[in-house]
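Trainee: I'd like to learn how to read a two-chain model from its overall fold down to single residues. Could you walk me through one?

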Amino acid sequence: MTLLTVQDLNVHFPTGEGSVHASRDISFSMEPGEVLGLVGETGSGKSVIGQAIIRLLPTSAKITGQIRFDGQELTILPDHTMHALRGRSISLVPQNPSGSLDPLVRNGMQIAEIFIERGATKNMAWEKARDLLVAVGLVPSDQIAKEYPHELSGGMRQRLTTSIAIAEHSRLIIADEPTKGLDYHARATTARVLSDIRTRENASLLLITHDLYLAEHLCDWIAVLYAGEIIEIGPAHQIFTQPRHPYTKALIGAMPKNGLVPLDGQSPSLMAIPDGCCFTDRCSCHSEICSKERPDLIQESLNGGVRCHHPFSS
Amino acid sequence: MSSPVLQLTGLSKSYGHGDIFSGISFEVWSGKTVGLFGQSGSGKSTLGRCIMRLEAPSSGYITMQGMDLARMGLRKLRELRPSFQMIFQHPEVSLNPRMTLAESVAEPLMVHKGIGIDEALKEIRPLISRVGLRDEHLARYPHQLSGGEVQRAVLSRIFSLQPKLVVADEPTSMLDVSVQAQVLRLMQDLQKETGVSYLFISHDPDVMSVMCDQVLWLDHGNGVMYDRTAFLDRVKTEYNPVAPA
């Protein structure tokens, strides 16, 4: 049974100077145990999708569309029911681990307080916390549990927030930029920890990232975002080996290992979305229709499609 | 070219709790790029900052144009300063937030040549368009610019002084992959046009292998120099199979 279905999700933020269209017509689905990557550059609207699913967007956000999780429609769920899901069935590994940990609380207690809140004794909770530290490779766990967040490196803090997210055996884990600011070594460790979670917990992972290496390594499915839209979605290996959208192709070509081919120009402002295809100005294959008519996401299946008037053949 | 642009001999740096690195020796030749590679905390940024004299090395020699930078007086250092410049990792803190881009890019020329802002802007204008910024950018403040635009502005600041050496401390690690490609290509083109040498600091092996002729691998305070092929070989043996690449 499908765990998560997002259908025609639109998020915009009204501001004094106009509306910011952060996400437009987003549709995808996830089966249990699958990893789907939302891949895109800064400002492509990928974090907003994660925040919309777990309902942590500011109240100013205007949301339309459907988000079905485990048979429930999340967008209309009462606050207290959503509150009960959040952190239990759906967890978030936040983007900024340093800002998400209490600097005055020992590492072990950051995790243990979850269990204490649910009625466990302090000793039991501490035991469980130590097991979780081991699970994400933070050893010696006894010592690390007694230290404070500032004594950990960026990569270790990332793993600590990850261990908090898996504490309740959530069915869906949303990881927002888990490798941001990490060096090559810490990135590799984070990739391994996330990959472990999926095999051990059979949880689904929604990976929000601009790190193409990580996406290639971890994901079953990849949705490429540009200016708030999914411009291409498909199986991860296909996205990397046979991209169909000119932007996807350019993005992969810009990776250092693929020749570092620069893509000129910038993505359009989310406050002034052009009428036609968002990528027209930067696209080498555009024609007249591209600047006039917005292409539909030509969908071969729910998780397979490309939004382009002139896609490359697969 | 008879002598290198930069020569380090037995350079060491220690803080109270121990050595950051010790006995680092290498040369950077004109028009070449040497990479500094290592994990977070391996001391690569500290080494870069020592060369810039933003920090004082504990021992060893930094020779630039035949002079020892490590022991140079401040007056002499200021004279030499235009010829070695640095680009930093975080674009959001690289420029003074209270200065417009025009003021920021003109500043180095005003300081080092003692000229006014109008004259400085006139002189730097070709360089501004060379790095891909437009006139409309000049009136903006740093928070109104993207990370890539700030790094372009920093490059125009630096190259207005016609440096011989640029220390680049992870200049693209906070940028998106397509913007990274734009900035790195620009740096390569500027190198071809001006013959500048780079000391390129990064923890990304792919970026290293694209940008650098040689790579110094810093590990537990020691540095080993590799050419591109040998560097990639060591990356393969050390990072597989955990590498997400």
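Mentor: Happy to. In this predicted model, chain A has 12 helices and 12 strands. Along its principal axes, the C-alpha trace of chain A spans about 70 × 45 × 40 Å.

Trainee: What does the radius of gyration of chain A say about how compact the chain is?

Mentor: The trick is to set the value beside what a compact globule with that number of residues would have. For 314 residues that would be near 20 Å, and chain A has 20 Å, so the two agree. Buried residues account for 49% of chain A. Among its contacts between residues at least 6 apart in sequence, 64% join residues at least 24 apart.

Trainee: And how many helices and strands does chain B have?

Mentor: Chain B comes to 8 helices and 10 strands. Its radius of gyration is 18 Å, close to the 18 Å from the globule rule for 245 residues, so chain B is as compact as a globular protein of that length. The C-alpha atoms of chain B fill a box of roughly 50 × 45 × 40 Å. In chain B, 42% of the residues are buried, and 69% of the contacts between residues at least 6 apart in sequence join residues at least 24 apart.

Trainee: Before I trust any detail, where in chain B does pLDDT stay under 50?

Mentor: Good habit! Where pLDDT is low, the predicted coordinates should not be read in detail. Here that applies to residues 241–245 of chain B, where pLDDT stays under 50. The model has 11 contacts beyond four places in sequence for this stretch. Chain B as a whole averages a pLDDT of 91, with 97% of its residues scoring at least 70. For the whole model, ipTM is 0.81 and pTM is 0.87.

Trainee: Next, the interface. How many residues of chain B are in contact with chain A?

Mentor: For an interface, count the residues on each side, then ask which elements supply them. Here 21 residues of chain B are in contact with 29 residues of chain A. On the chain B side, α6 and α7 (205–211) each supply at least two residues, and α6(B) has the largest share, with 6 residues. By class, that side of chain B has 11 nonpolar, 6 polar and 4 charged residues.

Trainee: Which residues touch the most other members of the largest nonpolar core?

Mentor: In soluble globular proteins, nonpolar side chains tend to be buried together. The largest nonpolar core in this model has 153 residues, and A:I173, A:I174, A:L207, A:A223, A:V224 and B:L199 touch the most other members. Helix α6 (residues 177–194) of chain B gives the most to this core, with 7 residues. To see one member's surroundings, take A:I173: beyond four places in sequence, A:I173 touches A:S91, A:V93, A:A165, A:I166, A:I197, A:A203 and A:L205.

Trainee: A:V224 is on that list. Which residue stands opposite A:V224?

Mentor: For strands, look at the direction of pairing and then at the facing residues. A:V224 stands opposite A:E232 in β10(A). Strand β9 (residues 221–226) and β10(A) pair in the antiparallel sense over 6 bridges. The two strands form a hairpin with 2 residues between them, and A:A227 in the turn has a positive phi of about 50°. β10(A) is also joined to strand β12 (residues 304–306) of chain A by 2 bridges, again antiparallel, with A:E232 opposite A:V306. Strand β10 (residues 229–235) is mostly covered, with 6 of its 7 residues buried.

Trainee: Is helix α1 of chain A mostly covered or mostly open?

Mentor: Count its buried residues: for α1 (residues 46–53) of chain A, that is 8 of 8, so by the 20-atom cut-off within 10 Å the helix is mostly covered. The buried set includes A:K46 and A:Q51 as well as A:V48 and A:I49. A:R55, which follows α1(A), has a positive phi, near 60°.

Trainee: One last residue: why is B:V105 classed as buried?

Mentor: B:V105 is buried because 29 other C-beta atoms lie within 10 Å. B:V105 sits in helix α3 (residues 101–113) of chain B. Beyond four places in sequence, B:V105 touches B:I124, B:I128, B:A153, B:S156 and B:R157.

Notes. Residues are numbered from 1 along each chain as its sequence is written. Chains are lettered from A and ligands numbered from 1 in the order in which they are written. This is a predicted model: local features need pLDDT of at least 70, side-chain atom pairs count only at pLDDT 80 or more; totals for chains, interfaces and linings use all residues. pLDDT is the predictor's confidence in each residue, from 0 to 100. Two residues are in contact if their C-beta atoms, placed from the backbone, lie within 7 Å. A nonpolar core is a set of buried Ala, Val, Leu, Ile, Met, Phe, Trp, Tyr and Cys residues joined through C-beta atoms within 7 Å. A residue is buried if 20 or more other C-beta atoms lie within 10 Å of its own, exposed if 12 or fewer, and partly exposed in between; C-beta atoms are placed from the backbone. Helices (H or I, at least four residues) and strands (E, at least two) are DSSP runs, numbered from the N terminus. Ala, Val, Leu, Ile, Met, Phe, Trp, Tyr, Cys and Pro count as nonpolar, Asp, Glu, Lys and Arg as charged, and the others, Gly among them, as polar. The radius of gyration is taken over C-alpha atoms; the globule rule is 2.2 Å times the number of residues to the power 0.38. Two strands pair if DSSP finds at least two bridges between them.
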